[in-house]
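The following note sets out numbered remarks for a colleague examining the structure shown below. Each remark takes up one topic and may be read alongside the coordinates.

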Amino acid sequence: MPTVFSYFSEVLAREKRGEHLSWLCMFWMIGGIYASAMAWAIIPHYGWSFSMGSAYQFHSWRVFVIVCALPCVSSVVALTFMPESPRFLLEVGKHDEAWMILKQIHDTNMRARGQPEKVFTVTRIKTPKQIDELIEIESDTGTWYRRCFVRIRTELYGIWLTFMRCFNYPVKDNTIKLTAVWFTLSFGYYGLSVWFPDVIKHLQSDEYASRVKHFRNEEVSHFVFNFTLENQIHTNGEYINDRFIMMKFKSVTFEDSLFKNCVFEDITSLNTYFRNCTFVNTTFYNTDLEQYKFVDSELINCTFFHVRTGCQISFDDDYSAYWIYFVNFLGTLAVLPGNIVSALLMDRIGRLTMLGGSMVLSGISCFFLWFGTSESMMIGMLCLYNGLTISAWNSLDVITVELYPTDRRATGFGFLNALCKAAAVLGNLIFGSLVGITKAIPILLASTVLVCGGLVGLRLPDTRTQVLM
């Protein structure tokens with residue numbers, strides 16, 4: 001990502017640089033929409049069909065990985081048709097090739113402006129200073145492994161010097177401010193992005209648990225169960241000479257119950273447990289009832305045949321798997337309008353206004369989560385939040401590449417991107433640990449960091465009319 005934005009920023013016209021980089025960000029987000037859409041479409045079609053312990057099956061995740069790999073392969077092919085960075089060509093001494101690429105960019109931009117008669121001229125070429133003196137010294141006298149060692153050491157030293165120059169004048173203050181904005185935006189965005197689906201799943205669990213059916217003191221004998229049992233709790237039951245044939249147990253719990261002379265055959269279970277139960281002369285054939293599902297239970301003279309191990313969940317058994325991908329698809333789809341708006345307004349209202357305004361509005365929108373008491377409301381809040389936040393991401397990408405000079409642009413962008421991932425991990429840990437405990441802390445925390453980050457972003461210099469250094 002840092003290399004992509006740094007590369008394109010070097011070849012874009014100043015007047016349209018913000019808009020074109022925003023379109024590039026939109027295609028970046030379209031990749032997320034594509035991945036979530038494929039997951040939503042492929043997994044229900046092929047189903048969650050795992051049987052890793054007993055037999056091999058074709059897993060749907062393989063189809064998903066293959067489909068998601070296609071854009072990556074096509075991008076590798078497309079890179080072969082793109083010109084090299086003029087900056088890199090100058091660094092390696094290929095001035096003529098750099099001049100030809102710059103002339104091609106100049107002519108294309110002039111034709112787009114309606115001024116094709118302007119001629120591209122170069123009056124001075126400033127070649128970056130290279131730190132390869134040690135390599136020149138060792139190239140004649142050192143052994144091959146010594147030369148490799150010096151080369152690696154010199155490259156690492158050069159990377160370190162470039163990184164430290166990001167904290168030197170005149171970009172030191174900008175680096176500190178960008179660090180605060182990148183950290184707060186990533187912390188709030190990725191933290192809530194993980195928190196939203198978990199909260200929705202928690203609401204689903206609460207609603208599902210509220211509909212549980214209780215059965216107490218059942219006495220069933222010589223009965224054939226051949227239907228699905230779901231969301232039930234059976235307590236103090238007695239089942240004598242019963243047969244459980246070709247059944248599915250979904251979120252079923254048997255407590256303090258007796259099973260005598262019973263048969264369990266062709267059973268598939270999900271979240272099903274037998275707690276403190278007694279089984280006498282009972283046969284289990286072709287079931288997935290493993291030992292961990294018998295909690296504090298006693299099995300007397302029982303027989304197990306063909307126990308299926310591993311995960312036996314299908315799409316029909318666990319609808320929450322479908323729901324997770326659907327919510328993720330809606331959340332990523334909601335960023336598309338924000339991408340379009342930010343691209344059209346980036347060069348009109350300015351980067352700082354869009355960055356600060358988007359982060360502040362995102363922080364304010366978090367307070368509406370207090371009213372999120374249902375799945376539909378939380379999904380709506382998720383889409384609103386993602387739509388507002390994406391404008392901040394686009395403007396932050398543009399500001400970052402414009403504030404750094406060419407020799408530090410990719411390094412500075414890469415450092416901030418790495419910091420972004422660290423903040424995302426921290427946000428996932430903190431927000432994820434608060435799911436089901438309280439909504440106050442995540443809401444206040446996300447709102448605070450986003451608003452504070454937006455205010456810091458407003459203190460950055462305006463780069464709308466700035467020529468790249």
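**Remarks on the predicted model**

1. *Overall composition.* The protein chain holds 14 helices and 14 strands. The model is a predicted one, and the remarks that follow should be read accordingly. Of the 469 residues in the protein chain, 40% are buried. The chain exposes about 24,700 Å², and carbon and sulfur atoms supply 63% of that area. As to contacts between residues at least 6 apart in sequence, 53% join residues at least 24 apart.

2. *Annotated transmembrane regions.* An unreviewed UniProt entry places the feature "transmembrane region" at residues 21–43, 63–82, 178–196, 322–345, 352–371, 377–401, 413–434 and 440–460. Two of these spans may be set against the predicted secondary structure. Residues 377–401 are 100% helix and 0% strand, with the end C-alpha atoms 37 Å apart. Residues 413–434 are 95% helix and 0% strand, and here the end C-alpha atoms lie 31 Å apart.

3. *The largest nonpolar core.* This core has 48 residues, and the members that touch the most others are L178, W182, L192, W195, F196 and L355. Two or more residues are given to this core by each of α2 (17–46), α8 (172–210), α10 (335–349), α11 (351–365), α12 (375–403), α13 (406–433) and α14 (440–457). Helix α12 provides the largest share of this core, namely 13 residues.

4. *Surroundings of L355.* Which residues does L355 touch, leaving aside those up to four places away in sequence? The partners of L355 are V181, A392, S395, L396, I399, G457 and L460. L355 is also one of the residues that touch the most other members of the largest nonpolar core.

5. *A separate core.* Another core, of 18 residues, lies apart from the one just described. Its members include F244, M247, F249 and F279.

6. *A nonpolar surface patch.* L361, I364, F367, F368, W370, F371, M377 and L444 make a nonpolar patch of about 770 Å² on the surface. M377 belongs to helix α12, the helix with the largest share of the 48-residue core. Is M377 buried, partly exposed or exposed? The relative accessible area of M377 is 32%, so this residue counts as partly exposed.

7. *Salt bridges: number and a pair within one helix.* The count of salt bridges is 5. One of them joins the side chains of D107 and K103, with an N to O distance of 2.9 Å. Both residues, D107 and K103, lie in helix α5 (residues 95–113); they are 4 residues apart, about one turn of the helix. K103 has 28% relative accessibility and therefore counts as partly exposed.

8. *Salt bridges between buried residues.* K293 and D288 form a salt bridge in which the closest N and O atoms are 4.0 Å apart; K293 and D288 are both buried. The 4.0 Å value deserves a reviewer's attention, since the criterion for a salt bridge is a nitrogen within 4 Å of a carboxyl oxygen. D347 and R351 form another bridge, with the closest N and O atoms 2.7 Å apart. D347 and R351 are likewise buried. A network of salt bridges links D347, R351 and E402.

9. *A cis peptide bond.* Between Y169 and P170 the peptide bond is cis, with omega near 10°. P170 is located in the loop between α7 (144–165) and α8. Helix α8 is among the elements that give two or more residues to the largest nonpolar core.

10. *Positive phi at two asparagines.* Where does N236 lie? N236 is in the loop between β4 (229–235) and β5 (238–240). Although N236 is not a glycine, its phi is positive, at about 55°. With a relative accessible area of 39%, N236 is partly exposed. N271 also is not a glycine and has a positive phi of about 55°. N271 is found in the loop between β8 (263–270) and β9 (273–275), and a relative accessible area of 47% makes N271 partly exposed.

Note on methods
Residues are numbered from 1 along each chain as its sequence is written. This is a predicted model: local features need pLDDT of at least 70, side-chain atom pairs count only at pLDDT 80 or more; totals for chains, interfaces and linings use all residues. Side-chain values use heavy atoms; hydrogens and water are left out. UniProt positions are given in the numbering used here, feature names are shortened, and annotations may be inferred rather than shown by experiment. A nonpolar core is a set of buried Ala, Val, Leu, Ile, Met, Phe, Trp, Tyr and Cys residues joined through side-chain atoms within 4.5 Å. Buried means under 20% relative accessible area, exposed over 50%, partly exposed in between (1.4 Å probe, protein chains only). Contact means heavy atoms within 4.5 Å. Patches are made of residues with over 30% relative accessible area and no salt bridge: like charges are joined within 9 Å, nonpolar side chains (Val, Leu, Ile, Met, Phe, Trp, Tyr) within 5 Å. Accessible areas come from the Shrake-Rupley method with a 1.4 Å probe; for residues, only the protein chains shown count as cover.
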